[in-house]
Each structure stands twice: as C-alpha cells, then as structure tokens.
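Trainee: Could we go through this one together, term by term? I'd like to hear the reasoning behind each label.

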Amino acid sequence: MRLSRKQLRAWSEKLIELAIRLCGISAIVFVFGIFFFVFREGAPFLAKIDLREFLFSDQWIPTSQTNPRYGVGALIVGSVSVTVLAMAIAVPFGVGAAIFLSEFCGPRAKEGLKITIELLAAIPSVVWGFIGLSVVSPLLIQVFHVPIGVNLFNGALLLALMSVPIIVSIGEDALKAVPDTYREAAVALGATRWQVVYRVLLPAAKNGLLAAVLLGVGRAIGETMAVLMATGHSIRIPHSLFDPIRTLTATIAAELGETSQGSEHYQVLFLIGLLLFLITFIVNLTADLVVKGIRRK
Amino acid sequence: MQNQHSRIKTVPGGRAEAAGSRAIQTLALTVLALGLAGCQPDTGTSSSTRKTVIQNTGSDTMVNLAAAWAEEYSKVESAVSVEVSGGGTGLGIAGLINGSCDLANCSRHFEPKENEELRAKTGTEAKEYTVGYDALSIFVHRANPLNEISLEELAEIYRADGRIQRWSDLSVSIPGAKGDEIIRVSRQNNSGTYQYFKEAVVGKDREFKLGSLDMNGSKDVIGLIAKTPNAIGYSGMGYATPEVKVLKVARKKGDPAVAPSIQAVLDKSYPISRPLFLYTAGDPRPLVKQYIDWVMSDAGQKILEHTGYVPLKMQ
C-alpha cells in the first residue's frame, strides 16, 4: 500500500520533531556524560583525600617520591585572581564598546568595528599566548620595571582581550533588544544621550549585560593555553600584580600528558577538573539566580 | 588513542617540529583525555599490520634528535618510514605498554612499576639500548656576569629551604636587572628533564622549592631566560642559543668548573649528563632492530653530534 501524501507529511512531521527533541536532549546527555567520566576518573581519590588540605594547602608536589602533596590552594587563588583582574579590565571596555556600538556609532564605523571585534574573537588562544610570551612580556619588563614579564597581569590582559569580543557582541544585542520607544520617551522628556544610556538603557538591559559579563567570566576561567604560556606557571600566592601565578586549567594541561593513567597524580588532575566544573556551575547558578531576582522586581 | 592524535609525521625533507608544537599537543591531549577518558586504550593498532611504519614516541628531550634520525634514515631505507612524536618519556612508555608504538625514546630508565605493567599487559620485558648522552646545561641571561656555578650552589638555589635566594648571595649583580631575586626556571613536574635534575642536583629525597616558573618544554626555558635578566634555568645542552649564556659547572665549590661539551661528557668531567635510551617491548621486529643498529652506527651517531647531543664515543 502506498502512503498518501497526507500520511507522508504526518510521518515526516513526527520524524523532524523527534530529531529536534533529540538535539535538545543531547546537550544534557553530553554534560552529564562528561561529568560522569571526569567524576569516574577522579572519584577513587576523593575517598582518600583530606578535602580541607586539598582545597586550602598551597603545597602542590604531586611527583614527590617520599611525600607527595596535593594542595590546590595556590592554583585556585591563581585562577580566581587572573579571572577577577581580567574582568576588571574587560568589563568597562566591553560594556563601553557595546554602548558605543549600539547608541553612538554611525552605521559605517559600526560595520568596520564589528568586523574587527569579530576578528579579535577568532584569534586562537595559542596565538594569544604567543603574543603574551613574546610581545607583552618584554613590554611589561620595560614599562613597569618588574623582574618577570610572564605574570598575573600579563595573563589577565590577554584574558581581557579574549573576553572583550564576547562581552561586546552579547552586550550590544542586549542593548539593541531594548525597545526604541524607551529611547524616544526618554528623549521626549528632555534627557541627554548620556542620561538615556545611564538611566534608561542600562537598567533595561541589565539582564543581558550580566549574561554577557558572566559568559566573559566563563571564557576567562576556562581558558588554558594562553594562561599556560603567559602567567609564568608558578605555584605561589601572588602578592602583587606582577607576580607569576599558575591556574587550575594550566596545571591539568601541563601535567596530564605525562602522568601514568590511574595513578594518584592522574586522579587528582581529574579532581581538579571536577573542581573547575563546580566553579563554572556556581558561576552559572549565581547568574541564573541574579537574573531571576532582577526579573521579579 | 592519544598517541594517534598527537602523532607528527616526519616526511623526507621536512622536519617534525614537535618541540614547538608541544604546547598544542598537550592541550589536545588534555581535551582528549577529558573527553575520552571512558574509552579503553587503543589496542587495535597491533604492530604486525603496519609493514613499513615504525612508531616512535617519547621524550621531549630527544624529539629533535629522533626526528633527525628518522629523516636521515628515510634516505637510507626508503621502504621504512619512522613516525616520530614527542610528549614525554612517560608517554613513550605508555605507548609501549598499550602497544601503540614500537620504539620509545626515553631520557630515563624504566621504573620497576612500569616494567611490571609492561609484563602484565604484553608479556614482554623492556629492552634497553643506550644510544647517546645528553648534558643538562645551566643557563642564565646574557647580561649575567656569572661564569660558573657549583652543584651545591645550584641545589641551594633550587631545593626547598635552600639558602640562596638572591643574586647577591652569590655576589653577583646583574646590570640592567630589576630587583635581586633569583628567578628559578624549571620544568613541569613529570618531565624527564625535571626528574633528572631533581636526582642529580636537588637530591632524591629532597623537594624543589615551590614558586619556580615551570615551563612546558625545553625550548620555552631558553625563551624565558633570554627575556628575563634575573633568571636561571636548566635544559638540554642542544637547546643553547646565542641569546643565553651557558654556565660552567663544578662538582664542588673549589673544583674546576667545566663547560658542557662532548669531550667533557664522555670523560665524565661534566657533572650533569645522562644517557639517552631507546626502549622496545621485548625483542624488536627485524625492521626495528635494523633501525636501532643504524642509530648505533657511525652514520646515526654523527647525527647526535649535529643536533647538539653527545655520541657514545668520540668520532
């Protein structure tokens, strides 16, 4: 029996619906799958380890033959400090650029700027790391008279440059999403352009801008290659902007390749992976709660 | 599975620039390891299915050397292609254990534990071939007036609770440097070079002082020292460039200091040198054996000299 056209259409409809449903679910499957595998590799050590020592000790000596120590305190401080500093640089620039692009910029300049910013986002992180190593590092030594060029500030500068494009493009979308009627109403009330931005647009686009910033944070904390090359990769609690540091991500990248599978060191590296998972989870959750909180008002 | 993805094929006339791409490799490995941690190690690539390819993985110290050997060998024996990749001694040994490589370049001996693992997985014993020597040179910035250093001083600089922390402790002042702190450049804690330096200088039961800049490749050490006036670091003798200064090393304070050279390594007067090995799992296939024989021959040994390493005997 041949299928009628109508039946065929109904079938294909169902098929497409199923495919789309699968696409939607796949994200969840992948996230849980990755979490499961990382957890499985790291879990055996979770039972053995003193969690307080793991999180707060700055003694990271995993390959010691006599007394291996697995404290990631200095690495956590490293990751957090470089991310915070990067955001302190990137947020004003990113949000400022987003405001300029969406409110003050002429159409032609806007086209050029957007293309350039997208180009900035397309630079691979190894290239950023290379720039940090060969350009920024000697520059920092010269300008700030510091003994080491690869340090916290160098890494943060690169991370800032890497997350600015994300903040700009999402921030601009958020500002564009504010209805023109808001702007017209504000101008009709006699507001200057700056007042429109400051009093009307920024509050209205708050959620989107926050999302932009948090995506930037996610980019910064997860970045590996650039920080591995530009922060000095040194286990210590930084006392100044120009101290070298080491991040969680860079530690995994540098050490996993040569660690024998299943060893304690290997398991701890996966535990660090879990920790990174946890950190991003907390960042995202906070973002969600803040956004919801804002919405309720 | 990991090895397959990080393999660098050496083509005749082109050089594998594995040391430079080590960082990228490591990243790829990390991503892979995170993503594929659940997969079983790849055992499908048994060596018998490849007739003309020798898989050669291992030490970063030896990767330039191995690539040069492979390139030269392709001219001698065009039917055989040696595929060289770096990643570290540990990776080479892992490759032997899970069967993904034929020949491991190692800058240290097999550890008993690794030998056991090899026996359990493949039923063979690790077979060792000493193919040459590598000297660890001590590097400082060009502007540094220091010319020689003793092993004790090096140990005091690098070991935990070591007493030498500033250049003035060595009565050295570096023109144009900011500050007096000695910036220790080291390697990541599971590289063969790091482990050898620890054994030979820091002390087997001692630890490195934390807070050194742990570079991810031999070349990176040189690159950083060239740009950092206060730095000191160690790396293979072959990595020296005109941009950095190589120190003479004395066994003890007061002993004559010796500059790293082929002669000094061979007559054992240079104190920090180590043998380089090729390892196979059990007796090698005839093809691989032939390659090892060629490496030991005059033609192969000459390449050690050309790439900055030390041959087994003076040519």
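Mentor: We'll take the helices, then the core, then the chain contact and some single residues.

Mentor: Ground rules: residues count from 1 along each chain as its sequence is written, while chains are lettered from A and ligands numbered from 1 in the order in which they are written. This is a predicted model, where local features need pLDDT of at least 70, side-chain atom pairs count only at pLDDT 80 or more, and totals for chains, interfaces and linings use all residues.

Trainee: What makes up chain A in terms of helices and strands?

Mentor: Chain A has 12 helices and 2 strands. Both kinds of element are DSSP runs numbered from the N terminus, helices being H or I with at least four residues and strands E with at least two. Read from the N terminus, the order is α-α-β-β-α-α-α-α-α-α-α-α-α-α. The C-alpha trace of chain A spans about 75 × 70 × 40 Å along its principal axes.

Trainee: Why is H6(A) called roughly antiparallel to H9(A)?

Mentor: Helix H6 (residues 152-176) of chain A and helix H9 (residues 206-222) of chain A have axes that come within 8 Å and cross at roughly 155°. Those axes are lines fitted to C-alpha atoms, for helices over the stretch in contact, with angles from 0 to 180 degrees between N-to-C directions. Angles over 145 degrees count as roughly antiparallel, under 35 as roughly parallel, 65 to 115 as roughly perpendicular, and the rest as oblique. The angle therefore makes H6(A) roughly antiparallel to H9(A).

Trainee: Is the crossing of H6(A) and H9(A) left-handed or right-handed?

Mentor: Right-handed, for H6(A) and H9(A). The near helix is then turned clockwise from the far one by less than a right angle; anticlockwise would be left-handed.

Trainee: Which residues meet there, and of what class are they?

Mentor: Among them, A:Leu159, A:Ile166 and A:Ile170 in H6(A) meet residues of H9(A) including A:Leu209, A:Val213 and A:Ala220. The contact has 12 nonpolar, 4 polar and 2 charged residues. Ala, Val, Leu, Ile, Met, Phe, Trp, Tyr, Cys and Pro count as nonpolar, Asp, Glu, Lys and Arg as charged, and the others, Gly among them, as polar.

Trainee: What is the angle between H3(A) and H6(A)?

Mentor: Helix H3 (residues 73-104) of chain A packs on H6(A) at about 35°, with the axes 6 Å apart. Their crossing is right-handed too, and the contact divides into 21 nonpolar, 6 polar and 3 charged residues.

Trainee: Which residues touch the most other members of the largest nonpolar core?

Mentor: A:Ala86, A:Ala156, A:Leu159, A:Ile167, A:Ala226, B:Val185 and B:Ile225, out of 147 residues. H6(A) supplies the largest share, 16 residues. A nonpolar core is a set of buried Ala, Val, Leu, Ile, Met, Phe, Trp, Tyr and Cys residues joined through C-beta atoms within 7 Å.

Trainee: What is A:Leu159 in contact with?

Mentor: Leaving aside neighbours within four places in sequence, A:Leu159 contacts A:Val82, A:Ala86, A:Ala220, A:Glu223, A:Ala226 and A:Val227. Contact means C-beta atoms, placed from the backbone, within 7 Å.

Trainee: How many residues does each chain give to the contact between chains A and B?

Mentor: Chain B gives 39 residues and chain A gives 40. On the chain B side, H2(B) gives the most, with 8 residues. By class, that side has 15 nonpolar, 17 polar and 7 charged residues.

Trainee: Why is B:Leu278 called buried?

Mentor: Buried takes 20 or more other C-beta atoms within 10 Å, exposed 12 or fewer, and partly exposed lies in between, with C-beta atoms placed from the backbone. B:Leu278 has 26, so B:Leu278 is buried. This residue sits in strand S10 (residues 273-281) of chain B and touches B:Leu103, B:Asn105, B:Tyr129, B:Val131, B:Ile292 and B:Val295, not counting residues up to four places away in sequence.

Trainee: Are A:His233 and B:Lys268 buried or exposed?

Mentor: A:His233 has 28 other C-beta atoms within 10 Å, so A:His233 is buried. B:Lys268 has 10 such neighbours and therefore counts as exposed.

Trainee: What is phi in each?

Mentor: A:His233 has a positive phi of about 55° although it is not a glycine; for B:Lys268, also not a glycine, phi is near 65°. A:His233 is in the loop between helix H10 (225-230) and helix H11 (248-256) of chain A.

Note on methods:
Two residues are in contact if their C-beta atoms, placed from the backbone, lie within 7 Å.
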